[in-house]
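Reader: Hello! Could you take me on a close look at a single part of this model, and then set that part in its surroundings?

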Amino acid sequence: MNILIKNAALISMDGKDEPVKNVNVAIEKDKIKYIGDVPKDFYAEKVIDARENLIMPGLVNGHTHVAMSLFRNYADDLPLMDWLKTRIWPVEEKLTEDDVYWGSMLGVVELIRSGVTCFSDMYFFMEETAKAVEESGIRAVLARGLVGSDDDDGGSRFKETRELYRNWHNGAGGRIKVMAGPHAPYTCSPGYLKKVIELAKELNVGIHIHLSESADEVEESLKNYGKSPVRHVYDLGLFDVPTVAAHCVHVSDEDIDILAENMVSVVNNPTSNLKLASGFAPVEKMIRRGVNVALGTDGPASNNNLNMFEEMNLAAIVNKSINRDATSIPAITAVKMATVNGARALGLEKEIGSIEIGKKADLIIIDIHKPHFYPRHNIISSLAYSAQASDVKTVIVDGEIVMEDYEIKTVDTERIMFEAERAAKSLIGR
Ligand code: NI
C-alpha cells in the first residue's frame, strides 16, 4: 500500500541521533520511498496525519518464545532449573499444534500492540508460529528448538527444521526467515551440536542458541568440558555460522573476545535475567569490546510480558547501577539495542532497524501527546525512560498497516484472547 505519513517527529536511527521535527514519510508498497520532501504527485492510498506523534523504526525483539504466553503467570518465583524441570517441561510435553498456534497468536498481538515489528523465536510446532506470523502481518525469524545427545541422529527435530525451512524461509511475502535453534550447550551434547552446525551450513542459515545464561551452566561446562560454554561451542565450530546468542550473562573477558572476534550477536534479556535471578550481563563491556548487543524479552513465562519498552528501560538503568556509573548504557544505546542492533543480530540490517529510503517500511507511530512526554526536552530520553508500550498507536510492517489507532487490523484480538485462555486451561488440565 502507498502511505503518506505527514507532520510527524522522526527518529530514524540511521546514525543521526537527533529527532527531526515536522517531517513527511512516504511509503511505496513495502519500502520507504521518501523522507522529508515528498513530490506533490506521489499518490498515497492512505494519508496519516501524525501531528503530535513520533515515527521510529519498529522494535526488534531478539529473543523470545511467543507460544510460552500460554504459561504466563502459571509458575513463578522459582529458580531456572526448578522452573524448567518441575513446571515448564512437563506441560510442554503435552503441547499440541493448536496450543502453539493460539499461544503464538496471543504473543504476536501483544508484540504488535507494543511496537514490535520483528521478533526472533525458538520453540517447537514452529509451523504454527509461522502461520500466526503470516496472518498477523508481523515479521519473524523462526527456529525449531533442538535438544539431543551424541547418539541422536537429529531425527524428527532435524526433519522439522528442514520442513520449516522449505515451507517458510522467505515465506509470508518474505517476512519469515528460518534459523537452526540448538536450545543450549547443556541440552545439546557436543556430537549433537556438531550435527546442528552441519545442518545450519547445509541450509545456509544462522544459529539461535541460549548461551551462558546462569552461573550453574558455566560451572557444569567447566566440570564436563574444562572450558566455558562460549569457549566450548566455539571449539566445536558453532561460530563458523552467523550466531545469535541469547543471554551471555556469565562471560569472562576471554569469552567476550571470542564473541567479538567471531561477530556473534548477543541478545540481552534484562527482565528474564532479573526474574530468574540469573545475574547481570556485562552489556557495557561487551559493547565496548565490539560485540553487537541486541535486546529481547525472552519467553512471556519468564518475564511476564513482551514489552520491549520495559527492556529498553531496564537495559539503561540496570547497567548504570551494576557499573556504578550513571553514564553506562545511555538512552540512545538502549534504543539502538532495540532497533538497529536487533536487525544486525538477525542479519536483516540492510532491510530493517532504521528508517531510511529504500529500506522496508517497518515503523511505528507513537502518541507523544500524553502527560509523561512533557516537557519535551529530549525525545530519545523519553523513549528509554518515560514511554509506555501502550503509547504505540499505529504499526506498519512491510508497508502494511497492522495496527491503526490502537486497533489491530489483521486478526481478531478478542477471539485470540478467548482461544488462548481455552488452550491454556485445557493444557494444564490434560
Ligand atoms: Ni529463552
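Author: Gladly; what follows is a walk around the nickel ion, and then a look at the domains. This is a predicted model, where local features need pLDDT of at least 70, side-chain atom pairs count only at pLDDT 80 or more, and totals for chains, interfaces and linings use all residues. Residues are numbered from 1 along each chain as its sequence is written, and side-chain values use heavy atoms, with hydrogens and water left out.

The nickel ion has as its protein donors H63 (NE2), H65 (NE2), H210 (NE2) and D298 (OD), at 2.1 to 2.3 Å. Donors here are N, O and S atoms within 2.8 Å of the metal (3.2 Å for Na, K and Ca), and the site may look incomplete because water is not among the atoms. Along the sequence, the spacing of the donor residues reads H-x1-H-x144-H-x87-D. The angles among the 4 donor atoms run from 87 to 173 degrees, and the site is classed as irregular. Four donors would count as tetrahedral if all angles lay between 85 and 135 degrees, or as square planar if opposite donors were over 155 degrees apart and all others between 65 and 115. Both H63 and H65 are buried, that is, under 20% relative accessible area with a 1.4 Å probe, protein chains only.

Now for the domains, whose bounds come from an automatic or database domain assignment. Domain 1 covers 3–58 + 361–408, and domain 2 covers 66–345. Their C-alpha centres lie 29 Å apart.

Conventions: Four donors count as tetrahedral if all angles lie between 85 and 135 degrees; four count as square planar and six as octahedral if opposite donors are over 155 degrees apart and all others between 65 and 115; anything else is irregular. Buried means under 20% relative accessible area, exposed over 50%, partly exposed in between (1.4 Å probe, protein chains only).
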